[in-house]
Amino acid sequence: MTEYYVEKANIFQSWVRERIFLGLSIKEYIKGLIKPFNIVAGIIILVGLPFVVMRFTQGIGAVTHASQDQPWGLFLSWGLFTGVPLAATGYIMASAVYIFGLKDYHSLVRPAVLTGFIGYLFAVIFLLFDLGRPWRLPYPMTVSFGTTSVLFLVGWHVALYLSTQLVEFCPAIFEWIGSDRFRRWALGVTIGATIFGVILSTLHQSALGALFLLAPGKLHPLWYSEFIPLFFFVSSIFAGLSMVIVESTLSGRAFKNQIEPRRLVNFDKLTLGLGRAASLVLLTYFCLKWVGVAHGNHWDLLNTSWGHWFLVEVFVFVLLPCFLFARGVRKRNVALIRFTAFFTILGIAINRLTVSMIALNWKLPHREYFHWKELILVITIITVEILTYLWIVNRMPVHREHPDYREIH
Amino acid sequence: MFRKTIIGAVSAWVIGVLIVSQATEEKETSSQNVPEVCTLGTLSKIYEPVLFSHGQHTLMAEDCATCHHHSEPGVTLACKECHGAPFDPKNLNMPGLKGAYHLQCMGCHQQMSSGPVGCTDCHAKRISQQTGMEKK
Amino acid sequence: MGISRRKFLKVIGVAGSAGLVGKANSTFGVDQFTGSPDRFGVLTDLTRCVGCRTCEAACNEVNKLPPPKVPFEDQSVFEQIRRTDVNAFTVVNRYPNPQPGGPPIYVKHQCRHCDEPACASACLVRAFTKTQEGAVTYNKGVCVGCRYCMTACPFYVPAYEYNKPFSPEVKKCTMCYDTRVSKGGIPACVEACPMETMTFGKRSDLIRLARKRIIENPDKYIDHIYGEQEVGGTSWMYISGVPFEQLGFPMDLGTKPYPELTKGFLSMVPAVLVIWPALLGGFYMFTQHREEMGVSEETIPQEKEDQL
């Protein structure tokens, strides 16, 4: 009888070793962890840890410059407002492949869904850092419903979308665990989950912009517009496309040992296609921004310092990448497209930081944007995010096909 | 103790005069019935009562109606005859007694740029950091 | 048949349930906040305030706030324009009189208890309520601390206790609702003011009173009641002898209530919840149909790339 349990324990132990420790003994595994990237990441986390403790034991005021006039800082500006469009990879690729039938891009779906899931998960984690009472995060879902609030919509949708992304990623998890039955269930609901995910994404990407509709006097007129939800939604599309390119570029380097050469070569071809799509959406967004200016009749504001910043944002970070993408596609210059994708992401970050932090409360005499402790915390959380992503990709079939499930997609 | 005796005596005199003048239908404006000093102390919980130099002010004003306003000609009523509790819904524009005192006294002092306008210029504070509200 | 029955039913199932959610959403819908017709208000007559700060002291006492660093008798605080804070639900600020030689103007600033409050519209857990009596109250039992109310308030009123890790709250004037107004009393600051700068009464009566004062003293007052129509009307209103823009009042708020600003977007939600599943399901079926017909997607981009 004891032999039976010993047998079971051994099986479990070897399962854990294979799945969690990459088939190595614990000693070997820890030895293998000592790489330059991991060391740097470890240092960052060690530096950030005391500030995490500070935040939760002494309150938000201990690590941010949150004031009564400017309540929102870097946790929200980066974690939520920038992090969410960058996590739009999931719904873009899933709908491209499963709904619009662009089967060529299939190899990019799983990494995109994972990037999206991690992005939203950490947006929630940033939120937990920012909320005054983070343990009350489920309240808008369970206790009290503020149905007139756009933030209520954002909360619900992020929660639902996180679950949807998890469901979309489930096939990879179940392949990793080795459960065939659950995997087949997960595959079956993929289409429904994808459609649901697109619906949710449309609404909450635009809702993040709609939040600022309630602050007409506080957000600079060049950014405040009735079209803000549309701006946020359209920019999330090219943010997602660019992020897929960025992710595949970085993964192609980081996971070279994992990805088949055939797939790596295919990435180049797919990158061209993504670049073409991104170029088109960027052009659309560029035109939309001018519709916004015209609608508000703010032409005179363009010749102020804020106006100059707006022009930089629109010409350098929207129109320029649009041209660069188009040129890259025409000349089949994959390297240029990859560079432009990074540049576009920078532009998205600049736009979201401008709307949520810099141009918000632009009339106030004293401006303090963010605290250095807040910056350290943001960098720490981003490091943990990257490590999580690496952990998952090193174990689950994201950039490769699981040997047992090779034929089935 | 001496001061308190004075205040008590004056208060009694004022109240006596008022009672007497209430009983008569015609209000006399002869100087015999005009009080020299009025103690305005019915309201204050945190400030000492005001020792109002009524006699001095009658010399400055040409007519009693300058201060004793909004009443029939020849009729001189004390402030609290008309001004009671504030914010009567039927008569929102009429201030309560405390407001009436301050608006009338300080209003004139400000207009003439002469006369006390600070809080403790007219009444010393009894207890610090307190306010003129009912203690519960 | 191009698409399998099971797949079709799945799509319709998702679409249908999404549609039902949309319908439920629209019955939750967007509320109106307009208070009851008998709601109270406060009219502040800025020609009367002398800056004695008794109102601030009264507010401090009634709300059991800690004693201030600078005592209330101290007039040096007027050298700076102050805003409301976690321990100061109301502040009096001093502004120079544009008429040379005239006395300075003192303005009492606190929550305006708007008829359609932006904070109530913004709150994702409905922590703010516009009561029947007119006060806008805060429920600390549901607040998650997102501070969207602070971003939404056009008057920069709510303050947050950033230095409290375990029980931070939003702090603002409550119009003494719990302790006084709900029991038939009047707010502490209104009662304490020696000059009766503020008048408490039914909002409709106060507007009549304000108009009466303006009409009877046209040289004394500016012909405007601030708060009568700004952002849809506020319970706390002001009349003044000096133009409001010189007294720190925001003049660009308009008369549209703030909740209206997001109604357009929110009403789009049920539409998207119903249309998107149909649209996307349709695309999906179209794609499936094309595959069935043997027109493979692989060949088309290839042709397009050859054309480049």
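This short talk describes a predicted model with chains A, B and C, moving from the single chains to their contacts and then to some local details.

Good morning, colleagues. Please keep in mind throughout that the model is predicted.

I begin with chain A. Chain A contains 15 helices and zero strands. Its C-alpha trace extends over about 80 × 55 × 45 Å along the principal axes. How does the radius of gyration of chain A agree with that of a compact globule? For 409 residues, such a globule would have a radius near 22 Å, and chain A has 23 Å, so the two agree. Of the 409 residues in this chain, 46% count as buried. As for contacts in chain A between residues at least 6 apart in sequence, 79% of them join residues at least 24 apart.

One helix of chain A deserves a closer look. Helix H5 of chain A, residues 89-99, is mostly covered, with eleven of its eleven residues buried. Among them are Tyr91(A), Ile92(A), Met93(A), Val97(A), Tyr98(A) and Ile99(A), and Thr89(A), Gly90(A) and Ser95(A) are buried in this helix too. Which elements cover the buried residues of H5(A)? The cover includes four helices of chain A, namely H6 (106-130), H8 (150-177), H10 (190-210) and H11 (228-254), together with H7 of chain C. After H5(A) comes Gly101(A), which has a positive phi near 70°.

I turn now to chain B. Chain B has five helices and two strands. Read from the N terminus, its elements follow the order α-β-β-α-α-α-α. Buried residues make up 10% of the 136 residues of chain B. Of the contacts in chain B with a separation of 6 or more, 44% involve residues 24 or more positions apart.

Let us move to the interfaces, both of which involve chain C. In the interface with chain A, 62 residues of chain C are in contact with 53 residues of chain A. Which elements of chain C each supply at least two residues to the side that touches chain A? They are helix H1 (5-28), helix H3 (118-122), helix H4 (148-152), strand E6 (159-160) and helix H7 (259-292). The largest share, 17 residues, comes from H7(C). By class, this side of chain C divides into 41 nonpolar, eight polar and 13 charged residues. I would recall here that H7 of chain C is also part of what covers the buried residues of H5(A).

In the other interface, 18 residues of chain B are in contact with 24 residues of chain C. Helix H4 of chain B, residues 97-112, gives the largest share of the side of chain B that touches chain C, at six residues. That side of chain B has nine nonpolar, eight polar and one charged residues.

Next, a sheet in chain C. Three strands of chain C form an open sheet in the order E8-E1-E9, with mixed pairing. Strand E8 (198-202) and strand E9 (236-239) are the edge strands, each pairing on one side only. On average, and ignoring direction, neighbouring strands here are turned by 25° against each other. As general background, strands of a sheet pair through backbone hydrogen bonds, either parallel or antiparallel. In what sense do E1(C) and E8(C) pair? Strand E1, residues 40-45, pairs with E8(C) in the antiparallel sense over five bridges. Within this pair, Thr44(C) stands opposite Met198(C) of E8(C). Although E8(C) is an edge strand, E8(C) is mostly covered, with four of its five residues buried. Helix H6 of chain C, residues 203-216, lies across E1, E8 and E9, and runs at about 130° to E8(C).

Finally, I draw your attention to two backbone positions in chain C. Arg126(C) is not a glycine, yet its phi is positive, at about 55°. Arg126(C) is located in the loop between H3 and strand E4 (128-130). Is Arg126(C) buried or exposed? Arg126(C) counts as buried, because it has 21 C-beta neighbours inside 10 Å. Val231(C), likewise not a glycine, has a positive phi of about 40°. Val231(C) lies in the loop between H6 and E9 of chain C. With 24 other C-beta atoms within 10 Å, Val231(C) is therefore buried.

Thank you for your attention.

Technical notes: Residues numbered from 1 in each chain as written. Chains lettered and ligands numbered in written order. Predicted model: local features only at pLDDT ≥ 70, side-chain atom pairs only at ≥ 80, totals over all residues. Pairing = 2+ DSSP bridges. Axes fitted to C-alpha atoms, helices over the stretch in contact; angles between N-to-C directions. Contact = placed C-beta atoms within 7 Å. Rg over C-alpha atoms; globule rule 2.2 N^0.38 Å. Buried ≥ 20, exposed ≤ 12 C-beta atoms within 10 Å, placed from the backbone. Nonpolar A, V, L, I, M, F, W, Y, C, P; charged D, E, K, R; others polar.
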